[in-house]
Amino acid sequence: MRLKVGSRISVLVSESRNREALRIFVSGIVQGVGFRPHTYRLASRAGVAGYVRNLGGSGVEIHVEGDPKRVRLFLESLKANPPPGARIDEITVSEAEPQGFGEFSILPGEGSLRYNSIIPPDIGICRDCLAEVLGETRWSGYPFNSCVYCGPRYSMIIRVPYERENTSMRDFPLCEQCFAEYSDPQVERRFHAQGISCPACGPKVWLADVEGRVIREGPESITLASSLIDEGYIVAVKGVGGFHIACSATLDQPIARLREKKRRPTKPFAIMVLDARVLSELVEAPEWAVRLLEASSRPIMLLKVKSRARVSPLVAPSLRKLGILLPYTALHFLLLEKTNDKYAIMTSGNPHGEPMCIVNEEALERLGGIVDYFLLHNRRIVNRVDDSVLRITRGAPVMLRRGRGFAPMWVSLPFRAQRCVVAFGAMLQSAGAVAFEDKVVLTPFVGDVDEYNTFRDLEGSIRKLMETYSITPREAILASDLHPLYPSSRLADEWSRVYGSEHLRIQHHWAHVAAVMAEHGVLEDVIGVAIDGVGLGLDGRVWGGEVLTASLDRFVRVGHLKPQRMPSGDGAAHHPARMLVGILSDGLSREELIQVLKELRIVEKGFRGGLREVELLISLAEKGAPLTSSAGRVLDAVSAMLGLCFFRSYEGEPAIVLEEHSTPTNERIRVRIEGENPAILDTTDIVLQALEHLRAGTPRGEVAYMVQQAIGYGLGLIARRAAGGRKYIVISGGAAVNEYILEGVEEALDGSGLRLLTAREIPPNDGGIALGQAAIAAWRGMNL
Ligand SMILES: [Zn+2]
Ligand SMILES: [Zn+2]
C-alpha cells in the first residue's frame, strides 16, 4: 500500500482490523473556500484515510475510515474548525463500509452526484494576496492574484461543482510553478485553490481606446488609467461581476459629462476609496461599519459625508450621504493607489436603464459613447453581479441591494418544503428566487425589469439557479406578484402555460411581510406593516401603507393609510407636486389650494404648465382620480411641499431627499386614526398640520422629520391595537428603511411588549420580495 503521508498513516494501517468508516455530507458555503484542502489537512492530522470531493449542487462529500477514535477525532475537528470564509449549515453523517483506503485524497468533483449547498459568492481579496501584489514576490503588481480564501467565485462559475474547469479560469492553464503549489499540501493558500494564477499563466490586463485599440499592456496600463482619471477622463473598468465606470470624484467636469451621457441627473455615484484611512477623511463611519466595509463581501455602504471632505458636489447632489466601498481586487487597489486622490467614482458600467456590461466587445459598443478609455482584461465574466449596497437605519446595517459578496447565498426556512418553488419578484430592483427543501436562494439584484434586457437577465439568473439545484419548471410552484402586467408575472404566466405548472399570484405587501418572516425564521401569526411605494391590492387599488395580520397561509388587511387621489395616475409618481395637489384637494377648497401653492412658490417650480396645470390637476382629482394608500406617495408630496424635490429621476428620490434633510425635534404632529378593521390613518390631516407648521415658521427640516415620525407612529398605533395576542410586529417595504418612520413605529410600540422584526440581510424593498413569494408558495406546497 503506497502511503502519501508519514508515520500516522502507518499507525492507522496497523490498526486496520478495527476499522470504522463514515460518509459525511456537508452543506453551506463549502465550495470555493478551501474546504477540501482544509479537510485534507484535518484528515492527515487525525490520521484517517478516505477522500473528499465536491458534488453537483455545491455540496461536499467526505469518506473517512480508520481507527474509530481517530475517525471521531476527525469529525469533531471538522465541525469545530471550518476554514475562514466557509459556513457549515448542515453536516449529515452516516456509517459506511470501510473500503480499505490507505491514504486520504482530494478527488475531482462529481457533477452527477448532488448534495445541495451554496454556490460560493465572490470574495474580496485577502490581506495575504494583497501583500504579495504590493511586495517583491512573483505576484508583484499582478492584478488578478487570489488564493484558496479569496477571489471571484459566483461571477466566474459556469456550472457546479466549483472546480477550475467549471469556471472561466479554465482558459488559463496553470504554469509549472503554480501547479507545483496547487499540488503541495504544505502551501496552505494555494493547495487545491481553483482560481489561482500568476503573471506567467493568468489573465492579462490592457488599456484600450474607444475603438478597442490597445494603448498599453500589463501593469503599466493600470498606472496609465490612474493618470487618465486624474486628468479628468472617464475610464470603463472591467471588474469581477461586470464593468464599472470610473472617474475623478473631485473634478466637476468629468462627473457632469458622465451624468449627461448616462442620463442620470441626480442619482448618487459610489466612490471607491483606497483604504480605511482615506475613508475616514471622507465619511463618518462607526468602527463596526468600517469592519463591514473591510469584510470579504466588500459592499457599498451609505455613510454621512464629512463637511470638509474633498468631493465634488456633483457626486451626490442634494444628499448628505455617500456610497463608499473599498477595493475588492488587486486591480482596483492598484488603480486607486496611483491616483492623486486615492479615491474615485466607481459606478455600474451600464447605459441608462440597462444591465451592466460583462463582455469586452459589448462594453466597447454600449459604453463607447459614455467613456473615453477602457481598462480591460481577458477573464470572462460568466454571471453578472452588481455591487451590494447597505445603509444604516436605527444604528444597524440594512441591505438595500443584494449582489456581489452575498448572492447567491441561501436563506433557511423554518420548515421543509415538499415542492420546489420558482419566484419571480415584482417589477423594480428585481431579484428572483428558487426554493427547495428548507432553503430559498435569491438571484443577485437584477434591476428594474420594465427594461427588456434586464428582464431577460432576470430570467437567465433564475434559470441558472434552477439548473444548479435541478429544479424543473414542470414540478415547481411558480410564484409571482398579483399585478398581472408586470413582465415578471407574465413570464410566470408563460411558464405555467407551457409547462402546466401551478401558478400562485401573491399580493405584494403580504410578500413583503413574509420575506421578513422568512429571514427571521418566524412561522406564527404576526402583525405586518408594509411601508412601501406601490403594489396592487386585493381591491384593485394601489396599496402601499398597510397593516396586515399575516401568516404564510393568509393575511387580512386591518389598517392602512387614507387612500389619496393620484391626479394623472402613474405620472404623479414622477412629479411629486402632482401628488401634493391630490392630497391637499382632499382637505382644501380649490381656491385655498391654489393660494397655498402660490404662497409656497411651488406653482412655477413644481408644474411645467404652471397655474393651468394646477387647475387641470385639481379638476382631475375632483372627478375621481385613482386612489392610493401608498406611504411613498405621501412622502413624495411632502418632499415637494417643502421644496426639496420636484422631479423623481430615480426610484424613491423624493423620499430619500426628505429623510436626508430632516432635523429631529421633540415637537409632534398628532395622528388621527379612524374606524376599525380597517383602521385608517388620516394622511390629509398629517399634511395639513405640516403645512400649518411651515406657515408658522417651523424650520423645513423639523417639519420633514415630524411627517415621517407621524406616519410611522400612526401605523405603529394601528398595529399595536390590532396585535391581539401576537408576539411579533414585522416591518417591511421600500420605505421601511426610513430612520424616522421606524423611530415613529418604535415610539408607538413602546411598552407594548411586541417584538419588532425588520429586514437586515435581505432587502426590505422589492429586491427581497421574491423571498416572501417563495416562502408563501413553499408553505402552501407543504399543506396541499
Ligand atoms: Zn487570498
Ligand atoms: Zn502561474
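**Exercise 1. Describe the second largest cavity: what are its volume and lining?**

Solution. Step 1: the second largest cavity of this predicted model has a volume of about 100 Å³. A cavity is, on a 1 Å grid over the protein atoms alone, a set of points where a 1.4 Å probe fits but cannot get out, whereas a pocket is an open set with protein on both sides within 12 Å along at least five of seven lines; lining residues have an atom within 4 Å of a point. Grid points are joined across faces, edges and corners, and the volume is the space filled by probe spheres set on the points.

Step 2: 17 residues line the second largest cavity, and Gly32, Val33, Gly34, His192 and Gln194 lie nearest its centre. Helix α2 (residues 35–46) supplies the largest share of this lining, three residues. Helices (H or I, at least four residues) and strands (E, at least two) are DSSP runs numbered from the N terminus.

Step 3: by class, the lining of the second largest cavity has eight nonpolar, seven polar and two charged residues. Ala, Val, Leu, Ile, Met, Phe, Trp, Tyr, Cys and Pro count as nonpolar, Asp, Glu, Lys and Arg as charged, and the others, Gly among them, as polar.

Conventions: residues are numbered from 1 along each chain as its sequence is written, and chains are lettered from A and ligands numbered from 1 in the order in which they are written. In this predicted model local features need pLDDT of at least 70, side-chain atom pairs count only at pLDDT 80 or more, and totals for chains, interfaces and linings use all residues, while side-chain values use heavy atoms, with hydrogens and water left out.

**Exercise 2. Characterise the backbone and accessibility of histidine 192.**

Solution. Step 1: histidine 192 sits in the loop between α5 (176–183) and β7 (205–209). Step 2: its phi is near 55 degrees, a positive value in a residue other than glycine. Most residues other than glycine have a negative phi, and most peptide bonds are trans. Step 3: histidine 192 counts as buried because its relative accessibility is 17%. Buried means under 20% relative accessible area, exposed over 50%, and partly exposed in between (1.4 Å probe, protein chains only).

Step 4: serine 470 also has a positive phi, about 50 degrees, although it is not a glycine. Serine 470 is in the loop between α12 (452–468) and β23 (477–481) and is partly exposed, with a relative accessible area of 39%.

**Exercise 3. Analyse the zinc ion (ligand 2): which residues coordinate it, and at what distances?**

Solution. Step 1: Cys175, Cys178, Cys198 and Cys201 coordinate the zinc ion (ligand 2) through their SG atoms, at 2.2 to 2.3 Å. Donors are N, O and S atoms within 2.8 Å of the metal (3.2 Å for Na, K and Ca); water is not among the atoms, so sites may look incomplete.

Step 2: the four donor atoms subtend angles of 103 to 117 degrees, so the arrangement is tetrahedral. Four donors count as tetrahedral if all angles lie between 85 and 135 degrees.

Step 3: the donor residues are spaced C-x2-C-x19-C-x2-C in sequence. Cysteine 175 lies in the loop between α4 and α5 and cysteine 198 in the loop between α5 and β7, so the pair ties together parts that are 23 residues apart in sequence. Both cysteine 175 and cysteine 198 are buried.

**Exercise 4. Repeat the analysis for the zinc ion (ligand 1).**

Solution. Step 1: the SG atoms of Cys126, Cys129, Cys147 and Cys150 coordinate the zinc ion (ligand 1) at 2.3 to 2.4 Å. Step 2: angles of 102 to 118 degrees between the four donor atoms make this arrangement tetrahedral. Step 3: the spacing along the chain is C-x2-C-x17-C-x2-C. Cysteine 126 is in the loop between β6 (110–114) and α4 (127–134), and cysteine 147 in the loop between α4 and α5, so the pair ties together parts 21 residues apart in sequence. Cysteine 126 and cysteine 147 are both buried.

**Exercise 5. Locate the cis peptide bonds that precede proline 161 and proline 408.**

Solution. Step 1: the bond from valine 160 to proline 161 is cis, with omega near -5 degrees, and proline 161 lies in the loop between α4 and α5. Step 2: the bond from alanine 407 to proline 408 is cis, with omega near -5 degrees, and proline 408 is in the loop between β18 and β19.

Methods: Tetrahedral: all angles 85-135°; square planar, octahedral: opposite > 155°, others 65-115°.
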